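Visitor: Hi, I'm new to this one. Could you walk me through it?

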Amino acid sequence: MQRGFTLVELVVVLVIAGILSVVMLPRFSQGIVEVSSQAEQVAADVRYAQTLSMTHGARYCIFFTGTGYQFRNTNCTVAVNHPATGSTTAIVLSGTTVATSNLAGTFIEFDTKGRPQGFTVATSNATITVTSSGQARSIVVSPDTGKATVQ
């Protein structure tokens, strides 16, 4: 009596495993891709607010809500148009929560030289955490330069 598997049995198992991985992999990685793209969008908009402050010679800020953010000026009180939507309404990141740390309020404001304002500890980075589908990505903003990077 011989023990083991035939070549046909091994091939059938490998084909079934391959089919299952092709079907299931996109479902598992979708949350990672979605939260990564949303984090990149937030970081780009933080950089845009900094650019607006420097080019217009006025203070601009990104005001964060629990599910998104909004561009504002005049001491972070007046909403301004988002460059992509052309609207003053807040950008809502679907199915996502947004949390901040090391900020005095729920916003990052830039002065006319592009320096960030509103950090609780002036020597520590501010962090914006975007969470969706159980996945999280952080945007770290430097207190010295205002550089926003996704981690």
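Here is a short chat about the model.

Guide: This is a predicted model, where local features need pLDDT of at least 70 and side-chain atom pairs count only at pLDDT 80 or more, while totals for chains, interfaces and linings use all residues. Residues are numbered from 1 along each chain as its sequence is written, and side-chain values use heavy atoms, leaving out hydrogens and water.

Visitor: What's the mean pLDDT of the protein chain?
Guide: The mean is 86, and 93% of the residues reach 70 or more. pLDDT is the predictor's confidence in each residue, from 0 to 100.

Visitor: Which elements have the lowest and highest mean pLDDT?
Guide: H1 has the lowest at 82, and E10 the highest at 94. Helices (H or I, at least four residues) and strands (E, at least two) are DSSP runs, numbered from the N terminus.

Visitor: Switching to the sheet, what's the strand order?
Guide: The order is E5-E8-E9-E10, an open sheet of 4 strands with antiparallel pairing. Two strands pair if DSSP finds at least two bridges between them.

Visitor: And which are the edge strands?
Guide: E5 (96-101) and E10 (148-150), each pairing on one side only.

Visitor: How many bridges join E5 to E8?
Guide: There are 6, and E8 covers residues 126-132. Thr 97 stands opposite Thr 131 in E8.

Visitor: Back to helices: where is Val 11 found?
Guide: Val 11 is in helix H1, residues 7-56.

Visitor: Why does Val 11 count as partly exposed?
Guide: Because its relative accessibility is 44%; buried means under 20%, exposed over 50%, and partly exposed lies in between (1.4 Å probe, protein chains only).
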